[in-house]
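These notes are meant to be read with the model open beside them, one point at a time. Please follow each point on the structure before going on to the next.

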Amino acid sequence: ADRIYGKSWDKAGRNRKLKRWKVKLKPEGLQVKLRLKVAGFLGQFRQEFLFGNDGRMTLVLRGRPWREMVRFGTRMALHSRYRKVSWFGLGPQECYVDRKAGAIVALHEADIDELSFEYLKPQESGNRTGVRRVLFSDGGTAFTFSASSGKTIDFSARFASREDIAMADHSHEIKRSEDIHVHIDGEQRGVGGSIPGVLNLMRKYKMKPFRRYSLEFSITRETPGATDR
């Protein structure tokens with residue numbers, strides 16, 4: 001994939017530059033708006049946070065790339081105790097935009113270590129697409145990531161960073177992290193591979209340039225079972 005998409009996308013988020021920011025106190029909470037310069041995107045990249053009075057934090061990302069992308073989203077780390085995962089969306093197996101025919105929409109549950117697949121060559125794995133909500137629990141409290149109304153998200157999570165997975169030649173060489181690395185994406189390109197050993201990614205599953213991409217989801221910390229399904 002690097003031969004096709006290059007490596008600049010991998011550092012785009014870390015090398016972003018803040019151009020301007022605005023803080024506004026609204027009736028529903030504190031809003032923070034950021035305008036960023038991100039490599040590979042036209043104009044300014046928008047990032048917005050709303051810290052709600054009800055304890056809910058909403059994150060919005062918007063950008064228009066000038067080149068083809070691999071994924072559009074964000075990532076974070078959770079404490080290792082939040083390893084019990086349940087999600088409402090496609091599953092139970094891993095699935096992508098071009099690999100989801102066998103998945104069903106339901107409420108699924110799994111341990112973090114059950115989400116990923118150990119391919120012979122360590123690589124991207126464990127994504128679930130078409131997800132409305134995903135919850136990470138320690139059995140007492142939970143962090144819930146919910147897509148905005150009428151939309152879905154992709155998520156993946158494991159005890160290893162994307163960088164450590166890429167550096168390993170074999171699965172037993174992957175450096176296990178103390179924290180859980182969580183990816184929340186608004187969109188990912190397909191994985192391709194209809195022809196063995198060849199990417200062969202169909203055009204309709206590519207993330208085309210000059211489109212406007214967006215991601216909007218909220219995060220809450222709550223007691224399991226308290227959310228509406």
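1. A residue is called buried when its relative accessible area is under 20%. With that cut-off in hand, and keeping in mind that this is a predicted model, one can begin with Thr-58, which has a relative accessible area of 18% and is therefore buried. Thr-58 is found in strand β4, and, if residues up to four places away in sequence are not counted, Thr-58 touches Glu-48, Phe-49, Leu-50, Glu-216, Phe-217 and Ser-218.

2. The strand that holds Thr-58 can next be placed among its partners. Strand β4, residues 57–63, runs antiparallel to strand β13, residues 213–222, and seven bridges join the two. Within this pair, Leu-61 stands opposite Leu-215 in β13. As general background, the strands of a sheet pair through backbone hydrogen bonds, and they may do so in either a parallel or an antiparallel way.

3. Both of these strands belong to an open sheet of nine strands, whose order is β1-β2-β3-β4-β13-β10-β9-β6-β7 and whose pairing is antiparallel. Which strands stand at the edges? They are β1 (17–26) and β7 (104–111), and because each has a single partner strand, one side of each is left without a neighbour in the sheet. From one strand to the next, the twist in this sheet averages 15°.

4. There is also an open sheet formed by four strands, in the order β5-β12-β11-β8, again with antiparallel pairing. Its edge strands are β5 and β8 (128–131), each of which pairs on one side only. Here the twist averages 25° from one strand to the next. At the β8 end, β8 and strand β11 (residues 153–158) pair in the antiparallel sense over two bridges, and Val-131 stands opposite Ile-153 in β11.

5. At the other edge of the four-stranded sheet, Arg-71 lies in strand β5, which covers residues 71–78. Is Arg-71 buried or exposed? Its relative accessible area is 15%, so Arg-71 counts as buried. The side chains of Arg-71 and Asp-185 are joined by a polar contact of 2.8 Å. Leaving aside its neighbours within four places in sequence, Arg-71 is in contact with Asp-185 and also with Glu-124, Ser-156, Arg-162, His-183, Glu-187, Gln-188 and Met-207.

6. Phe-159 deserves a separate look, and its place is in the loop between β11 and α3 (162–167). Although Phe-159 lies in a loop, it is buried, because its relative accessible area is 7%. Not counting residues up to four places away in sequence, its contacts include Ser-80, Arg-83, Ile-112 and Asp-113, as well as the residues Lys-175, Arg-176, Ser-177, Glu-178, Asp-179 and Ile-180. Phe-159 and Asp-138, by comparison, are 21 residues apart in sequence and 15 Å apart in space, taken from C-alpha to C-alpha.

7. The last point concerns enclosed space. How many cavities of 30 Å³ or more does a search of the whole structure find? The search finds one, and the largest cavity has a volume of about 30 Å³. The residues that line the largest cavity are Phe-117, Glu-118, Tyr-119, Lys-121, Pro-122, Gln-123, Ser-125, Arg-158, Ile-165 and Ile-174.

Terms used:
Residues are numbered from 1 along each chain as its sequence is written. This is a predicted model: local features need pLDDT of at least 70, side-chain atom pairs count only at pLDDT 80 or more; totals for chains, interfaces and linings use all residues. Side-chain values use heavy atoms; hydrogens and water are left out. Buried means under 20% relative accessible area, exposed over 50%, partly exposed in between (1.4 Å probe, protein chains only). A polar contact is a pair of N or O atoms within 3.5 Å; within protein, one must be able to donate a hydrogen and the other to accept it, and residues adjacent in sequence count only if both atoms are side-chain atoms. Contact means heavy atoms within 4.5 Å. Two strands pair if DSSP finds at least two bridges between them. Axes are lines fitted to C-alpha atoms, for helices over the stretch in contact, and angles run from 0 to 180 degrees between N-to-C directions. On a 1 Å grid over the protein atoms alone, a cavity is a set of points where a 1.4 Å probe fits but cannot get out, and a pocket is an open set with protein on both sides within 12 Å along at least five of seven lines; lining residues have an atom within 4 Å of a point. Grid points are joined across faces, edges and corners, and a volume is the space filled by probe spheres set on the points.
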